[in-house]
Amino acid sequence: MKKTGSEIEADVFAILRASALKTTIAGLIYKEDMRPINATTEDAVVSFMTGLDGQIQVGVVTINVFVPMIDIGDGTRAKNTTRCKQIEMLMQAIVSGLKPDEYRFTLDTIIKTFKVEGANQHFVNTKLKFERTSF
């Protein structure tokens, strides 16, 4: 049976909750729009972005891991480059190790860290391309 975007998002969410991501980050893993707006914790958010329906369902799911900035003295906040790099490497390892029966996963773009404007945090962005052939 074909799946909807919400079902695919839920599948990736479950896969990540069973991965090293759950035990490595200090916060929680959320589905899209479930992370509290003013959260300052190290959390991950899974979002279904786009998909094409056909004999093979293909699309992209985004995983953003939020990393709080660090205080570098006199109240100045800066990117926690060490932690962002650790999360980037963790996401690379997780993606490389994904082997669920129902999906084939690959990176859609290079894992990259971006600044969250108006907040004291950055996020590590992983765009996960999926192909689903098991109906």
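What share of the contacts in the protein with a separation of 6 or more comes from residues 24 or more positions apart? The share is 54%. The model behind this value is predicted.

## Overall layout

The protein has three helices and eight strands. Read from the N terminus, the order of these elements is α-α-β-β-β-β-β-α-β-β-β. Of the 135 residues, 40% are buried.

The C-alpha trace spans about 60 × 25 × 25 Å along its principal axes. The radius of gyration is 16 Å, and a compact globule with 135 residues would have a value near 14 Å, which agrees.

## Nonpolar cores

In soluble globular proteins, nonpolar side chains tend to be buried together. In this model the largest nonpolar core holds 26 residues, and the members that touch the most others are Leu 16, Leu 21, Ile 29, Val 65 and Met 91. Two or more residues each come from helix 1, strand 2 (44–52), strand 3 (57–68), helix 3 (81–97), strand 6 (103–107) and strand 8 (121–132). Helix 3 gives the most, with six residues. Apart from this core lies another one, of five residues, including Val 45, Phe 66, Val 116 and Phe 123.

Ile 29, one of the members of the largest core with the most core neighbours, can be followed through its contacts. Leaving out residues up to four places away in sequence, Ile 29 touches Phe 13, Leu 16, Arg 17, Leu 21, Lys 22, Ala 44 and Val 46. Leu 16 and Leu 21 in this list are also among the five core members that touch the most others.

## Salt bridges

Side chains of opposite charge can pair when their charged atoms come close. Over the whole structure, seven salt bridges are found. One of them joins Lys 2 to Asp 53, with the closest N and O atoms 3.5 Å apart. Lys 2 belongs to the segment before helix 1 and Asp 53 to the loop between strand 2 and strand 3, so this pair ties together parts that are 51 residues apart in sequence. Lys 2 is partly exposed, at 38% relative accessible area, while Asp 53 is exposed, at 56%.

A second salt bridge, between the side chains of Arg 35 and Asp 43, has an N to O distance of 3.0 Å. Here Arg 35 is buried, with a relative accessible area of 13%, and Asp 43 is buried as well, with 1%. In a further salt bridge, Arg 132 pairs with Glu 102, and the closest N and O atoms are 2.6 Å apart. Arg 132 is in strand 8 and Glu 102 in the loop between helix 3 and strand 6, so the pair ties together parts 30 residues apart in sequence. Arg 132 counts as buried, at 2% relative accessibility, whereas Glu 102 is partly exposed, at 23%. Through shared partners, salt bridges join Lys 3, Asp 11, Glu 102 and Arg 132 into one network.

## Glu 9, a buried charge

Glu 9 sits in helix 1 (residues 5–17). Which side chain of opposite charge is nearest to Glu 9, and how far away is that side chain? The nearest is Lys 31, at 5.9 Å. A salt bridge requires a nitrogen and a carboxyl oxygen within 4 Å, and Glu 9 has no salt bridge although this residue is buried.

The side chain of Glu 9 does have a polar atom 3.0 Å from the backbone nitrogen of Phe 48. Phe 48 is also one of the residues that Glu 9 touches beyond four places in sequence, together with Lys 31, Glu 32, Val 46 and Ser 47. Val 46 in turn appears among the contacts of Ile 29.

## Thr 113 in strand 7

Thr 113 lies in strand 7 (residues 112–115). At 5% relative accessibility, Thr 113 counts as buried. Its side chain makes a polar contact of 2.5 Å with the side chain of Glu 88.

Apart from neighbours within four places in sequence, Thr 113 is in contact with Lys 79, Cys 84, Glu 88, His 122, Phe 123 and Val 124. Among these, Phe 123 is a member of the five-residue core.

Technical notes. Residues are numbered from 1 along each chain as its sequence is written. This is a predicted model: local features need pLDDT of at least 70, side-chain atom pairs count only at pLDDT 80 or more; totals for chains, interfaces and linings use all residues. Side-chain values use heavy atoms; hydrogens and water are left out. Helices (H or I, at least four residues) and strands (E, at least two) are DSSP runs, numbered from the N terminus. Buried means under 20% relative accessible area, exposed over 50%, partly exposed in between (1.4 Å probe, protein chains only). Lys and Arg count as positive and Asp and Glu as negative; His and the chain ends are not counted. A polar contact is a pair of N or O atoms within 3.5 Å; within protein, one must be able to donate a hydrogen and the other to accept it, and residues adjacent in sequence count only if both atoms are side-chain atoms. Contact means heavy atoms within 4.5 Å. A nonpolar core is a set of buried Ala, Val, Leu, Ile, Met, Phe, Trp, Tyr and Cys residues joined through side-chain atoms within 4.5 Å. The radius of gyration is taken over C-alpha atoms; the globule rule is 2.2 Å times the number of residues to the power 0.38.
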